[in-house]
Amino acid sequence: HKEAETIHQQTLQLRSKVFGQQHPHTITSMNNLALVLERQDKHNEAEVIHRQTLQLREAMFGQQHPDTLISRSDLACVLDRQRKHKEAETIHQQTLQLRSKVLGQQHPHTLISMSNLALSLEHQDKYDEAKAIYQQVLQLREKVLSQWHPDILTTMSNLARVLNKQGEHIEAKTKYQQILQLRESLLGQQHPLTLIIRDNLALVLSNEGKLETPH
């Protein structure tokens, strides 16, 4: 990531010089630099660039353009990573409203915005709201994706996590058992994602007061 950051910075400087700051290629370089900063946990620097990118894309393309919506979503996500959850929630809601209008409710990007909003709510302990959104995302994804699709399994896992936090351990256990069975069939017992679900299921069983580990 450090080497990538250096090259992105060089590319941004050259594109700014050749094309100008407001050219789409320059803005793409800005966005790439922000993303690689995030991967190094340089969230403050990334936030500054995401705000600049969003401002430029709104001025050039308008609020409803797909690239503008990506910048808006990226900014909200980096705010969440800095625990600025209230501001992130507001931006996620705006992004969701715009994506629903422009792309439709079942579009993958719209569903990503719904999931991002639910996670931001979850960070603020708004579990009822988060659960309702995760359930809606799961229902919509099940309409267009197969049972084995990774996005289905991720949404089920998110929902199970919130259920467990709410103390709904039996329902959370059922979800985790379903996910575990699917991931074992798809990825094998030793895959890292399978093992994560196995650990989560063990935690739910522990919360139920059971001492046995899942098999």
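1. Two helices whose axes make an angle under 35 degrees count as roughly parallel, while an angle over 145 degrees counts as roughly antiparallel. In this predicted model, the axes of helix α2 (residues 24–39) and helix α4 (residues 66–81) cross at roughly 20° and come within 12 Å, and α2 and α4 are therefore roughly parallel to each other. Their crossing is left-handed.

2. On the α2 side of this pairing, Asn 31, Leu 35 and Glu 38 are in contact with Ser 71, Asp 74, Val 78 and Arg 81 of α4. By character, the residues of the contact of α2 with α4 comprise three charged, two polar and two nonpolar.

3. Helix α2 also packs with helix α1 (residues 2–19), where the two axes come within 9 Å and cross at roughly 160°, and α1 and α2 are therefore roughly antiparallel to each other. The crossing of α1 and α2 is left-handed. Among the residues making the contact are Ala 4, His 8, Leu 12 and Phe 19 of α1, together with Met 30, Leu 33 and Leu 37 of α2. The residues of the contact of α1 with α2 divide into eight polar, seven nonpolar and two charged.

4. Helix α7 (residues 127–144) has 18 residues, which at 1.5 Å a residue should span 26 Å, and this agrees with the 26 Å between its end C-alpha atoms.

5. Which residues of α7 are buried? They are Tyr 127, Ala 130, Lys 131, Ile 133, Tyr 134, Val 137, Leu 138, Leu 140 and Arg 141, and what covers them includes α6 (108–123), α8 (150–165) and α9 (169–187). As a general point, an α-helix has 3.6 residues a turn, so residues three or four places apart point the same way.

Key: Residues numbered from 1 in each chain as written. Predicted model: local features only at pLDDT ≥ 70, side-chain atom pairs only at ≥ 80, totals over all residues. Heavy atoms only, no water. Axes fitted to C-alpha atoms, helices over the stretch in contact; angles between N-to-C directions. Helix = DSSP H or I, 4+ residues; strand = E, 2+ residues; numbered from the N terminus. Parallel < 35°, antiparallel > 145°, perpendicular 65-115°, else oblique. Left-handed = near helix turned anticlockwise from the far one by under 90°. Contact = heavy atoms within 4.5 Å. Nonpolar A, V, L, I, M, F, W, Y, C, P; charged D, E, K, R; others polar. Expected span 1.5 Å × (residues − 1). Buried < 20%, exposed > 50% of the residue type's maximum accessible area, 1.4 Å probe, protein only.
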